[in-house]
Amino acid sequence: FNLSFFSPCRKMLIESKYMFSIVDFLKRARIQTFCQIHAIGILYHLSGEPEAIGQIAETDITTIILELLQKNMTQGIGRVLAALIVNVRLIVNVSVKTQEFY
């Protein structure tokens, strides 16, 4: 059972700043692994939560996603990476627009 489908669990992961650990793992992972695929899926689920916007904006996940997408487009994680980049791009746009008001 993937707990990232469960809203209270997503909120707990965001509150514990687990996203930074996932991003760090993806930076260090050099080959596609079962864990890497699931880490990307968890990030995708977390990226849909409004509370995650600030944390996502603080990471360099966009660069990591683009590198992974380039390397793995023909493999099984291409669709999930593409969906994640859409969410992250929307978050980065919202974050930049919010900062313009301050």
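**Entry 1: Gln55**

I started with Gln55 in this predicted model. Is Gln55 buried or exposed? Its relative accessibility is 9%. Buried means under 20%, so Gln55 counts as buried. I then looked up where Gln55 sits, and found it in helix 4, which spans residues 53-58.

Next I asked what the side chain of Gln55 reaches. The partner is the backbone oxygen of Ile14, at 2.6 Å. I also listed the neighbours of Gln55, leaving out residues up to four places away in sequence. Gln55 touches Ile14, Lys17, Met19 and Phe20. Three of these names led me to the next entries.

**Entry 2: Lys17**

I followed Lys17 from the list of residues that Gln55 touches. Lys17 lies in the loop between helix 1 and helix 2. How accessible is Lys17? The value is 49%, so Lys17 counts as partly exposed. The cut-off for exposed is over 50%.

I checked the backbone too. Phi of Lys17 is near 60°. That is a positive value, and Lys17 is not a glycine. I noted the background: most residues other than glycine have a negative phi.

**Entry 3: helix 2**

Met19, also touched by Gln55, took me to helix 2, residues 18-28. Which residues of helix 2 are buried? I found Met19, Ile22, Val23 and Leu26. Looking down the axis of helix 2, I saw its buried residues fall within an arc of 95°, so they line one face of the helix. The general rule helps here: an α-helix has 3.6 residues a turn, so residues three or four places apart point the same way.

**Entry 4: helix 1 against helix 3**

Ile14, whose backbone oxygen the Gln55 side chain reaches, belongs to helix 1. I looked at how helix 1 (residues 7-15) meets helix 3 (residues 34-47). Their axes come within 10 Å and cross at roughly 95°. The two helices are therefore roughly perpendicular to each other.

Which residues make the contact? From helix 1 I wrote down Arg10, Leu13 and Ile14. From helix 3 I wrote down Ile42, His45 and Leu46. Sorted by type, the residues of this contact are four nonpolar, one polar and one charged.

**Entry 5: the whole protein**

Last, I stepped back. I counted six helices and zero strands. The pattern along the sequence reads α-α-α-α-α-α. Of the 102 residues, 38% are buried. I also looked at contacts with a separation of 6 or more. Residues 24 or more positions apart account for 67% of them.

How values were computed. Residues are numbered from 1 along each chain as its sequence is written. This is a predicted model: local features need pLDDT of at least 70, side-chain atom pairs count only at pLDDT 80 or more; totals for chains, interfaces and linings use all residues. Side-chain values use heavy atoms; hydrogens and water are left out. Buried means under 20% relative accessible area, exposed over 50%, partly exposed in between (1.4 Å probe, protein chains only). Helices (H or I, at least four residues) and strands (E, at least two) are DSSP runs, numbered from the N terminus. The arc is that of the directions from the helix axis to the C-beta atoms. A polar contact is a pair of N or O atoms within 3.5 Å; within protein, one must be able to donate a hydrogen and the other to accept it, and residues adjacent in sequence count only if both atoms are side-chain atoms. Contact means heavy atoms within 4.5 Å. Axes are lines fitted to C-alpha atoms, for helices over the stretch in contact, and angles run from 0 to 180 degrees between N-to-C directions. Angles under 35 degrees count as roughly parallel, over 145 as roughly antiparallel, 65 to 115 as roughly perpendicular and the rest as oblique. Ala, Val, Leu, Ile, Met, Phe, Trp, Tyr, Cys and Pro count as nonpolar, Asp, Glu, Lys and Arg as charged, and the others, Gly among them, as polar.
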